[in-house]
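Q: Hi! Could you walk me through the empty spaces in this model, and then one residue?
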Amino acid sequence: MEHYVERLVDLLDEGVNGISNMGVEEARERVLSNKPEAVRAIEGSFALVARDGKTVRLARSLDRPLRYFLAKRREGPALVVADRMDAIRDWLEAEGLGDQFHPSYTRMVPAHYVVEIQLVGCPDPDPVYTRFFTPPRGTLSTDLDELGQAYIGAAADEIGKWLVRVPEREPIGVCFSGGVDSGAVFLLTYHLMLKQGLNPARLKAFTLDLGQGPDIEQARRFLDTLGLGLFHEAIEADPAQMDVCETMRVVEDYKPLDVECATMGLALCRGIRERYPDWKYLVDGDGGDENLKDYPIEENPELTIRSVVNNSMLYQEGWGVGKIKHSLTYSGGLSRSYTRTYAPGRRYGFEGFSPFTRPAVVEVAEGIPFIELTDYDVDKLYALKGEIVARGVKAVTGLEMPAFPKRRFQHGAMPVEQLQQHLPHPEAQLRKQFMAMYA
């Protein structure tokens, strides 16, 4: 009988992990144990792979992409693990296995699951998925003040843990539009820096300006209202530099809204990097819309308000593992689309963070009784986030936070009409362009 020699190739950068309560080796052992409660206890940002003989287990936080590819070799299977498709492709080509690669053959580890793979040769068994984060739904009070304090209090706790990890003299940038989520993040960071005795002069609120976009004025109004305008800094960029193909190469995806958002993210990160060559730490509000279900339901024909409020973590995870519409290549929801934030930051050498992706914050959000608070009324759902967050910021910081209407990141840096002129591509065309990159 032929003897198989399995191989695990871990291309992950261990230094990107931002675990706050244990070392990476202990976290890896917890993933290997496959005990959900042990993995749930890992705090912070992580993408981990662990092996015991032919058994490999992988897990990630919501804010970290984690991909794998099972390659065929004569001597046995090789499991290649990385945060990017192109890293997997480059390794395969270097090993003379490049003909096996196609982006659709890569697999994304879905957030909040341990994925178990057995390296036993051909045929390969299906992965086994074990959920490690299952927050209870609708268990909290309907009192908006209590909900705000719980939700924003949890976010403040996560920012506090993150600040401890940032070296004392390093500057901190907030990707800032003046919207509810970035506004809350800025005010919480400012408040906690003062509370911890840190120098607030290290803090800046960066707003992307591609010309005549509404975010610049909104950001100024937000900060000036609170007497904090000195922290604001506009990052001007030229719309002519926007390149859809470059964006898709960076994020390795083709969904139009994510491509638009990532294009703005690249412009912002590029502008900050050109102005500040040594800047490292950025914080943002990504995940806030998902947590409080603040997306225009009417723009997605697959959704109704009932599907949004009745499905656990729909916006964070999509329809979920084991469902027909779950993509093995990309995962779903924010679990898929977080590359729009992660990849631009990594491209320009930044370490990013959003408190709204942390399980402790998501757990509070899932506990909000959305059905009782909205009675399935869409307008009530849309109004809920601003109410909860503003009340929470007031309770935690004492500051009266302005709450402006929701606007997508890409719709704030420049007028929507101009954006559509620069990025007019429908999904089918973007998918075709993306696949052509790997031809």
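Q: What volume does the largest cavity have?
A: The largest cavity has a volume of about 70 Å³. A cavity here is a set of points, on a 1 Å grid over the protein atoms alone, where a 1.4 Å probe fits but cannot get out. The volume is the space filled by probe spheres set on the points, which are joined across faces, edges and corners.

Q: Is this predicted or experimental, and what went into the numbers?
A: This is a predicted model, where local features need pLDDT of at least 70 and side-chain atom pairs count only at pLDDT 80 or more, while totals for chains, interfaces and linings use all residues. Side-chain values use heavy atoms, with hydrogens and water left out, and residues are numbered from 1 along each chain as its sequence is written.

Q: Thanks! Which residues line the largest cavity?
A: Among them are V39, R40, I42, F46, H112, F132 and T357 (lining residues have an atom within 4 Å of a point). The lining divides into 6 nonpolar, 4 polar and 2 charged residues. Ala, Val, Leu, Ile, Met, Phe, Trp, Tyr, Cys and Pro count as nonpolar, Asp, Glu, Lys and Arg as charged, and the others, Gly among them, as polar.

Q: How many cavities of 30 Å³ or more are there?
A: The count comes to 6. The second largest holds about 60 Å³ of space, and its lining divides into 2 nonpolar, 3 polar and 4 charged residues.

Q: Which helix gives the most to that lining?
A: Helix α4 (residues 144–165) does, with 4 residues. Helices are DSSP runs of H or I with at least four residues, strands are E runs of at least two, and both are numbered from the N terminus.

Q: Switching to pockets: how much space lies in the second largest one?
A: About 420 Å³. A pocket is an open set of points with protein on both sides within 12 Å along at least five of seven lines. Its lining has 18 residues, of which Y68, L70, Y105, R107 and P127 lie nearest the centre, and β6 gives the most, with 3 residues.

Q: Now D286: buried or exposed?
A: D286 counts as buried because its relative accessibility is 12%, and buried means under 20% relative accessible area (1.4 Å probe, protein chains only).

Q: What does the side chain of D286 make a polar contact with?
A: The side chain of T341, at 2.4 Å. A polar contact is a pair of N or O atoms within 3.5 Å; within protein, one must be able to donate a hydrogen and the other to accept it, and residues adjacent in sequence count only if both atoms are side-chain atoms.

Notes
Buried < 20%, exposed > 50% of the residue type's maximum accessible area, 1.4 Å probe, protein only.
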